[in-house]
Amino acid sequence: MEKNNGVAAVDEAFLSDVLRGLSLPQKKLHPKYLYDDKGSLLFEEICDLDEYYLTRTETAIMEKSVDDMASVIGTDAVIIEPGSGAGTKTQLLLKALRSPAAYVPIEISLDALERSTAILREEFPKLAVYPICADFTRDVELPSDLSSRRRVLYFPGSTVGNFEPADRAVLLRNFRVLVGGGAGSGGLLVGVDLQKDDTDIIYRAYNDSPGTTAAFTTNILARMNRELGADFDLGQFTHRIT
């Protein structure tokens, strides 16, 4: 958050989205606002929990099929990752690729972006990394020197499931713009969770025994208090999965 004369400036987009969401009969807040610096750290903890099957399952898929993915992506490709987070699964993909041209992580949390970029630059010292701190649901401008390269967008974690159908369609159209126009055809590599007959596995994933997901979701209220001047009493809220 920028400051003017020592006073924190309000993020007008954040404020507008909160006011719109809380004015609806069925209140809602966009999941992207969960990922401030603290929220990003909490989500990294969630991904390591036994109950959170998504990361474990998707990592197993990556380990089994990453060579096939790399073969389809081909050589000299630019890998773009919206919502890159810790970039753990990204390392599996980058290791399997043949001479990737560059990696472009797009992350809304600056702290998370700086942490993951430092790790990746140490792990892949010859790889060009172009970190972008931005909200990937809005227009993102890529570095101009990547415009002629084949671009492949990597979007794991079933994050696409966080979006309503109309918003999801807009998001995927924006992704098409990001990967289009380079040498050859662009590509999308998207991780999507399947519907579950066993709803208990979903309940456990989002109602973990340490309470990390509860801390993650209620942190957005603390963020609204801090950044928007709200006055939520966090003690009056509980995390509940329905």
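The legends below describe close-up views of a predicted model.

**View 1. The open sheet and its edge strands.** In this predicted model, five strands form an open sheet in the order β5-β4-β3-β6-β7, and their pairing is parallel. The strands β5 (132–133) and β7 (187–190) stand at the edges, where each has a single partner strand, so one side of each is left without a neighbour in the sheet.

**View 2. Strands β6 and β7 with helix α6.** Strand β6, which covers residues 150–155, pairs with β7 in the parallel sense over four bridges, and Y154 stands opposite L189 in β7. Helix α6, made of residues 165–179, packs on the sheet and touches β3 (77–82), β6 and β7, while the direction of helix α6 makes about 145° with that of β6.

**View 3. The surroundings of R151.** R151 lies in strand β6 and is buried, yet R151 has no salt bridge, the nearest side chain of opposite charge being that of D145, 9.8 Å away. A polar atom of the R151 side chain does, however, lie 2.9 Å from the backbone oxygen of S147.

**View 4. The surroundings of S116.** S116 has its place in helix α5, which spans residues 110–123, and S116 counts as buried because its relative accessibility is 5%, where buried means under 20%. The side chain of S116 reaches the backbone oxygen of G85 at 3.3 Å, and, when residues up to four places away in sequence are not counted, S116 touches G85 and A86.

Methods. Residues are numbered from 1 along each chain as its sequence is written. This is a predicted model: local features need pLDDT of at least 70, side-chain atom pairs count only at pLDDT 80 or more; totals for chains, interfaces and linings use all residues. Side-chain values use heavy atoms; hydrogens and water are left out. Two strands pair if DSSP finds at least two bridges between them. Helices (H or I, at least four residues) and strands (E, at least two) are DSSP runs, numbered from the N terminus. Contact means heavy atoms within 4.5 Å. Axes are lines fitted to C-alpha atoms, for helices over the stretch in contact, and angles run from 0 to 180 degrees between N-to-C directions. Buried means under 20% relative accessible area, exposed over 50%, partly exposed in between (1.4 Å probe, protein chains only). Lys and Arg count as positive and Asp and Glu as negative; His and the chain ends are not counted. A salt bridge is a side-chain nitrogen of Lys or Arg within 4 Å of a carboxyl oxygen of Asp or Glu. A polar contact is a pair of N or O atoms within 3.5 Å; within protein, one must be able to donate a hydrogen and the other to accept it, and residues adjacent in sequence count only if both atoms are side-chain atoms.
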